[in-house]
Protein chains: 2
Amino acid sequence: MTQERVNLDSSVGYVLKQAAAALRNAMDAALRPLELSVPQYACLELLGQRQGLSAAELARGAFVTRQSMHTVLQGLQDRGLLTRPSTAPQGRALPTQLTDRGAHLLAQASHAVADVERRMLAALPTGHPDRLRQDLAACANALTPAEH
Amino acid sequence: MTQERVNLDSSVGYVLKQAAAALRNAMDAALRPLELSVPQYACLELLGQRQGLSAAELARGAFVTRQSMHTVLQGLQDRGLLTRPSTAPQGRALPTQLTDRGAHLLAQASHAVADVERRMLAALPTGHPDRLRQDLAACANALTPAEH
DNA sequence: TGCGTCATGTCAGGAGTCTGACATAGCGTT
DNA sequence: AACGCTATGTCAGACTCCTGACATGACGCA
């Protein structure tokens, strides 16, 4: 029976959580002047990439549940940053659209977050960001249970 | 004015969050049979590495606030997995100790989590886990504000 | 000695997220 | 057409975690 202990400092999982926590804090600080939380920003950014996403799709992209995204969307809608039709054009999904105000705020937020990412990656040698991204994607994929 | 948009798929930050979420889910599933949450496990693991840590030290190591760690400790203490003196031997810090039951449960949990980490790293070529860990540590360091 | 600062433990309150549940709409199979 | 399966939206409740606040003990400095 081997002494199976995780040894925190040499554990990739631990350092991964550490990096994620640091990133979360940095993004939180960067977005606070805009009065946006990280989930709110994630929601706007996803819509910026592709308009008309449903709440369920946004939830998956932001790593929260449908229910959480529901409240996030209500908050953003109350601030006039996005619009949702009251009736579904087809099926049950309600396609979400950014308003002009939402797009404008997103531009500012995107800039602030890009600054954070730059600061994070500045510590890495040239070329490492790309390989880091690939390694992380492989890790995420290995842990994501095969769908269906 | 450049089109400054994060481009989620090529963003290291986004993939980092994705990997962290996948890891969190996998650990959650692995620990559920032992009736341990991830913060509870983190607490036990930290104590396994070094006995006598205070609640504040455990909180920093587990990336939560002192207050959250307080309730976590109470839960673990109620289950007889650890002990804390009622009065501080010196200063205000209450050194926490694993009980035999705590150490035994930790051994099982540690094994389960090590399995998850193995599954995660199996997707990476030889040598990559080490460089991934170093890159992540550099990222975390770059985002952690200089203390004092 | 006295004061200011910092770290720790703890209590109270609130914000955010999750689990569970239900109704509805599409789709494929029988 | 009827049934089952899946996906989505939404409501209610509980849980987790955080922010804010206060008291206490240790340390440095005037």
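Let's start with the aromatic pairs: over all chains, this predicted model holds two of them. In one, Tyr14(A) and Phe63(B) sit 5.5 Å apart, centre to centre, with 40° between their planes, so the pair is classed as tilted, because that angle is neither under 30 degrees nor over 60. If you want to find this pair on the screen, look across the chains: Tyr14(A) belongs to helix H1 (residues 12-31) of chain A, and Phe63(B) to the loop between helix H3 (55-62) and helix H4 (66-78) of chain B.

Now, is Phe63(B) buried or exposed? Partly exposed, as its relative accessible area is 30%.

The other pair is Phe63(A) with Tyr14(B), again tilted, at 5.5 Å centre to centre and 40° between the planes. Phe63(A) is in the loop between H3 and H4 of chain A, while Tyr14(B) is in helix H1 of chain B, so this pair joins two chains. Phe63(A) is partly exposed too, at 28% relative accessibility.

Let's move to the DNA. How many residues surround DNA strand C? There are 20, and the closest are Gln67(A), Ser68(A), Arg92(A), Ala56(B) and Arg92(B). Of the strand's atoms that come within 4 Å of the protein, 60% are sugar and phosphate. As for the helices, H4 of chain A and both H3 and H4 of chain B each give at least two residues to the surface near this strand. That surface is made of six nonpolar, eight polar and six charged residues.

A few contacts to zoom in on, friends. Gln67(A) places a polar side-chain atom 2.8 Å from a base oxygen of DNA strand C. Over on chain B, an N or O atom in the side chain of His70(B) is 3.2 Å from a phosphate oxygen of the strand, and a polar backbone atom of Ala55(B) is 3.4 Å from a phosphate oxygen.

Conventions
Residues numbered from 1 in each chain as written. Chains lettered and ligands numbered in written order. Predicted model: local features only at pLDDT ≥ 70, side-chain atom pairs only at ≥ 80, totals over all residues. Heavy atoms only, no water. Phe/Tyr/Trp six-rings, centres within 6.5 Å; stacked < 30°, edge-to-face > 60°. Helix = DSSP H or I, 4+ residues; strand = E, 2+ residues; numbered from the N terminus. Buried < 20%, exposed > 50% of the residue type's maximum accessible area, 1.4 Å probe, protein only. Near = heavy atom within 4 Å. Polar contact = N/O pair within 3.5 Å; in protein donor to acceptor, adjacent residues only side chain to side chain. Nonpolar A, V, L, I, M, F, W, Y, C, P; charged D, E, K, R; others polar.
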